[in-house]
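Here's a walk through one protein model, written for someone who likes to know the cut-offs behind the words. Have the viewer open while you read.

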Amino acid sequence: LLALPAVSLAIAQDPPPSPLLRDDFLLPLHTAPQGADPAQYGVWARGRTWKASFHDGFAFYPRPGVEHGDRLLPLRYRLSRVTAGGMPLASVQSAPTTQWSPTRFAMHWPGITEAYEVRAEGVEQSFVIAARPSSPGDLRIVGRFDTELHADRVEDTHTALVFSDPAGQALVRYGEATAIDACGDRAAVTTSFDGRDVTLVC
């Protein structure tokens, strides 16, 4: 079972790109330049309107507008729990093993992988479930956002979450979720958001 829950990206409210900067410009996943400390630098990627870090959970940074000055307004996400039929499917409290390439960063726990694909327009988040759950019932993936940005609360709806800054400017879209099973069949996933925790259900 493969759940493709979201695309996080800066909403297109930017001026037209400079002729010197292609729309598909992307700095792939990378760590410290030569001579710097990778442990302090971390793992980053960048597009034209965003940057993201992957070394301490996932954090997405939309390009701040002039009204933000030098302030950064990241949207941080951390996976909290995964259940099937109300029973824990995987323990995600321990530190995961990680693996990354220029375009993909993956965090592995026994039974589940949380992965991020970097693209010019943003970052696609996915969860891969290693085997069919033995407990019948809904699969629930719960994560927590830590951010100064605000999104409307929703309950059990196939919808995107749009995060805005304190002035009401939309900056980040956490897209509609879709589940794909082992046969390739797709199904809509419902999203609930209480202001801090987001729950995906399929």
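What follows goes from the overall make-up to the core, the strand pairs, the largest pocket and a few loop residues.

**Ground rules**

This is a predicted model, where local features need pLDDT of at least 70 and side-chain atom pairs count only at pLDDT 80 or more, while totals for chains, interfaces and linings use all residues. Residues are numbered from 1 along each chain as its sequence is written, and side-chain values use heavy atoms, with hydrogens and water left out.

**Overall make-up**

The protein has 1 helix and 18 strands; helices (H or I, at least four residues) and strands (E, at least two) are DSSP runs, numbered from the N terminus. Of its 202 residues, 41% are buried. Here buried means under 20% relative accessible area, exposed means over 50%, and partly exposed is in between (1.4 Å probe, protein chains only). The accessible surface is about 10,900 Å², with 52% of it belonging to carbon and sulfur atoms; these areas come from the Shrake-Rupley method with a 1.4 Å probe, and for residues only the protein chains shown count as cover. Among contacts with a separation of 6 or more, 53% are between residues 24 or more positions apart, a contact being heavy atoms within 4.5 Å.

**The core**

In soluble globular proteins, nonpolar side chains tend to be buried together. Which residues touch the most other members of the largest nonpolar core? They are Phe-54, Tyr-77, Phe-145 and Phe-163, out of 40 residues in that core. Strand E6 (residues 75–84) gives the largest share, 4 residues. A nonpolar core here is a set of buried Ala, Val, Leu, Ile, Met, Phe, Trp, Tyr and Cys residues joined through side-chain atoms within 4.5 Å.

Phe-163 is a good one to click on: leaving out residues up to four places away in sequence, its contacts include Leu-75, Phe-145, Leu-171, Val-172 and Phe-193.

**Strand pairs**

Strands pair if DSSP finds at least two bridges between them. Four antiparallel pairs are worth a look:

| Strands | Bridges |
|---|---|
| E10 (residues 112–119) and E11 | 8 bridges |
| E12 and E18 | 5 bridges |
| E14 (residues 161–164) and E15 (residues 170–174) | 4 bridges |
| E17 (residues 186–193) and E18 | 4 bridges |

E18 turns up twice there, with E12 and with E17. Strand E18 (residues 197–201) is largely enclosed by the rest of the structure, because 5 of its 5 residues are buried. In a regular strand the side chains alternate between the two faces of the sheet. In E18 both faces are covered, with Asp-197, Thr-199 and Val-201 on one side and Val-198 and Leu-200 on the other. To find the register, note that Val-198 is the bridge partner of Gly-143, while Thr-199 is the bridge partner of Ser-192.

E17 and E18 make a hairpin with 3 residues between them, and Gly-195 in the turn has a positive phi of about 105°. The hairpin of E14 and E15 has 5 residues between the strands, with Gly-168 at a positive phi near 95°. In that pair, Leu-161 has Tyr-174 as its bridge partner in E15.

E10 and E11 are joined in a hairpin through 2 residues, and Ala-115 stands opposite Ser-126 in E11. E11 is mostly covered, with 7 of its 8 residues buried.

**The largest pocket**

How much space lies in the largest pocket? About 330 Å³. Its lining has 20 residues, and the closest to the centre are Gly-57, Arg-78, Pro-96, Met-107 and Trp-109. E6 and strand E9 (104–109) are the elements that give two or more residues to that lining, and E6 has the largest share with 4 residues.As for the method, a pocket is found on a 1 Å grid over the protein atoms alone, as an open set of points where a 1.4 Å probe fits, with protein on both sides within 12 Å along at least five of seven lines; lining residues have an atom within 4 Å of a point. Grid points are joined across faces, edges and corners, and a volume is the space filled by probe spheres set on the points.

**A few single residues**

Ser-94 sits in the loop between strand E7 (87–90) and strand E8 (97–100), and it counts as partly exposed because its relative accessibility is 44%. The C-alpha atoms of Ser-94 and Trp-109 are separated by 8.2 Å.

Ser-135 lies in the loop between E11 (122–129) and E12 (139–147) and is partly exposed at 22% relative accessible area. Not counting residues up to four places away in sequence, Ser-135 touches Ala-84, Gly-85 and Met-87. Its C-alpha is 5.8 Å from that of Ala-84, 51 residues apart along the chain.

Most residues other than glycine have a negative phi. Asp-156 has a positive one, near 50°; this residue lies in strand E13 (residues 154–157) and is partly exposed, with a relative accessible area of 47%.
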